[in-house]
Amino acid sequence: VSKPEVDVPIAPRSGPGRIGAQVRDVTFRSLMPVVLALVAGGLLLLALGHNPFSFYLDVYRGGIEQGAWQDSAIRMAPLLLIAAGLTVIFRANIWNLGYDGQFLLGAALVSGWGPALLNDMPKAIAIVVLFIVAATVGAAWTIIPALLKARYGTNEIITTLMMSFIGVDLANILIKGPFQDPTVATPETRVLPFDKMLPNIPGTRIHVGLVVAFVAIFAVHYLLTRTSFGLRLQILGANPRAAKHMGVNLTRVIVISFLISGALIGAASAADILGLWGYARANWNPAYGDTVIPFVFLARLNALAVIPFIAFFSVLATGGDIATQESNLPTDFLLVLVALILLFMTVIEYLGRRRALGGSYITPGLKDAARSPLVRLKGRRA
Amino acid sequence: VSHLLSEEFWTSVIAGGLVAGMPLMFASVGETISERSGVLNIGLEGMMLFGAYAGFLGAYYGHTQWLGYLAGGLAGMGASLIMVVLCVWLGLDQIVVGIAITLAGGGITSVAQQAEFGASYPRLGSASTLSIPLLDRLPIVGSTLFEQPIIVYLAFIGIGVLTWAFRATNIGLNLRAAGEKPEALDAAGVSVLATRSYAVLATGFLTGLGGAYLAIVGAGLFTPFITQGQGYMAIVIAMLGRGKPWWVLFGSMLFGITLSLSDSLQIIGITLSTDLVNMLPFAAIIVALIVFARRSYLPPSLALPYVRGTR
């Protein structure tokens, strides 16, 4: 019996070129998936009988040129807030997949209570209250999964998904019931008048929700990299057992990171409703979380690095809406691009990892599986 | 309230629950197989969508539901091949790849549907059923349980076979070992990667079949995002079923009934919001989790890629 092969990490090289090479490597590995996905998406367009160059040109025109960059920037606000929320929880190596429920419940409450609150209170106070309401409901929606995870180790993927289903249904019930606009037949809330919505950044059409989002991103980055809580969170993410031995209060860290994550995702709904839509419809689900996840990973769970990726995606989505219309494709084509980015990301990560470890590109196990796909237990005679 | 006891109502509850529960059952049984072998498949939703569209195409152009089921199963299997290569062979993150498959499933089927049919959604004829003699004359259950498309009977038989296979065959043993302690399976001379690959392919086939059933029998047509989160629902059912096929079957039927209950209530004149009814099973499970606070059992090696020689 031969000794199992073990990857031996090569000794770190020293010298001035090392950091530069590392930066180059990381940049390459982050950008390459996007480039490859765009190329593969182009090939797909070609197969569907469209000209990929004119499609991407339309994306550029519709997403950046002639003030369209402002629409892209508006789209960034909720996405950045959700990205901040997911970064926190993923750093702790916990999955919060309940973002749809957290977002939509927040959206329902903000659009349901918004008209009355904005009528009765000074606008600035009402807006702050609505942001707090959205953040609170988003955070509240993570409490049960957080406690179950912290106390009993219940898998948070199931519990957050279940809470998400409940949240989406509850949001629909609220919109169709107490928050229904009595003057229309369609199930939707009252529409906020323009002068009651978030003010714009002076000189632009971009609402201040984007500023809130940037503040949140920087705050999360500070929290994760400069505070003791951030350190404890990362130890929990790296090795829960080590964290326990170090005296980290696991329950507290798990619950707090869940609450922060939910609050940021809830706040995203306030920014989106008060800044862009002005109302909510039943069964409306922009599914922002699904499209944000790839970019959170591409940014290597770094809150600052996620900004350019979200900016890129916002341009792609805004321009893509127009480009898909031009070429008579459903906007869902953009989902394919996001999926391709995710797939190429994992593959490139793999290649990078193998190379850094000095190993071959094909794992021994893969060779085995290719060689003998039908191994039976029968042959076990030792 | 007396209507609640009427034959009409219960017939519609069982029939509706069965129609809505079958896709969930195919998908969650698939997920059970995958999870037992140690692979967490979050891409169920996407695989169901691939299966639903391919199944619809097969039934639409092939003029028989069987071609539809076959096409749906194969499409799901094709999607799961991505997972086999990336997650099982290369050991990449199963959750990330699963999310990618879900996104791709929604995007690709929506684009393909529009490219093929434009804005029209052609309907299929109703699926042919097989009545079981004598039993189909029973009240309530007769016209529901014993007058179904053949694939439903096959599925129930399949559940029995699967229970037996998990418990009493080498294949089942290998599968469980791959999820519980892959090192031991490897030491016994069985390839962990091959075992998991077959499991994931089986998951893909079953999930695709579930999607095909949804399009062919459930809806009779294909619309983009027809699954509406049923793939995620199936993941939840599989995890709560704790790897036991009969529990998974029971859970799927329960969720199927709640998905169709508001229609049944409508028949006897009770209007209850669909959203509320859909919410109930999840709320019940959350309450149960809090009250009983027990761990949902998952194989220890779930979602961990197996690389020989590492610990």
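Reader: How do you know that the side chains of A:Asp321 and A:Arg75 meet in a salt bridge?

Author: In this predicted model, the N-to-O distance of the pair is 2.7 Å, and a salt bridge is called when a side-chain nitrogen of Lys or Arg is within 4 Å of a carboxyl oxygen of Asp or Glu, so the name applies to A:Asp321 and A:Arg75. A:Asp321 lies in helix H13 of chain A and A:Arg75 in helix H3 of chain A, and the pair therefore ties together parts that are 246 residues apart in sequence; helices here are DSSP runs (H or I, at least four residues), as strands are (E, at least two), numbered from the N terminus.

Residues are numbered from 1 along each chain as its sequence is written, while chains are lettered from A and ligands numbered from 1 in the order in which they are written. Because the model is predicted, local features need pLDDT of at least 70 and side-chain atom pairs count only at pLDDT 80 or more, whereas totals for chains, interfaces and linings use all residues, and side-chain values use heavy atoms, with hydrogens and water left out.

Reader: What makes A:Asp321 partly exposed?

Author: The relative accessible area of A:Asp321 is 25%, and the scale calls a residue buried under 20%, exposed over 50% and partly exposed in between (1.4 Å probe, protein chains only), so A:Asp321 belongs to the middle class. A:Arg75, with 26%, is partly exposed as well.

Reader: What parts does the salt bridge between A:Asp71 and A:Arg205 tie together?

Author: The side chains of A:Asp71 and A:Arg205 meet at 3.0 Å, N to O. A:Asp71 lies in helix H3 (residues 68–91) of chain A and A:Arg205 in the loop between H7 and helix H8 (209–226), so the parts joined are 134 residues apart in sequence. A:Asp71 counts as partly exposed at 32%, and A:Arg205 is also partly exposed, at 42%.

Reader: Why is the pair of B:Glu183 and B:Lys181 called a salt bridge?

Author: Their N-to-O distance is 4.0 Å, which the distance rule still admits, so the pair is counted. Over all chains, the search finds five salt bridges.

Reader: How many salt bridges does the rule find across the interface of chain A and chain B?

Author: The rule finds one there: B:Asp275 pairs with A:Lys176, the closest N and O atoms being 2.7 Å apart. Helices H6 (143–152), H7 (156–176), H12 (288–298), H14 (333–356) and H15 (364–371) of chain A each supply at least two residues of the side that touches chain B, and H7(A) gives the largest share, 13 residues.

Reader: How many residues of chain A and of chain B are in contact?

Author: Taking contact as heavy atoms within 4.5 Å, 54 residues of chain A are in contact with 56 residues of chain B. The buried area, that is, the accessible area (1.4 Å probe) that two parts lose on being put together, summed over both, is about 5,000 Å², and carbon and sulfur atoms give 77% of this area.

Reader: Why is A:Leu301 called buried, and where does A:Leu301 lie?

Author: A:Leu301 has a relative accessible area of 17%, which is below the limit for buried residues, so the word fits. A:Leu301 lies in the loop between H12 and helix H13 (306–326) of chain A, and its phi is near 55°, a positive value in a residue other than glycine.

Reader: Is B:Gln228 buried or exposed?

Author: B:Gln228 has a relative accessible area of 68%, so this residue is exposed. B:Gln228 sits in the loop between helix H9 (192–219) and helix H10 (230–240) of chain B, with a positive phi of about 45° although it is not a glycine.

Reader: How do you know that the span of helix H2 of chain B agrees with its 19 residues?

Author: The expected span is 1.5 Å times one less than the number of residues, which gives 27 Å for residues 44–62 of chain B, and the end C-alpha atoms are 25 Å apart, so the two agree. In H2(B), 15 of the 19 residues are buried, and the helix is followed by B:His63, whose phi is positive, near 60°.
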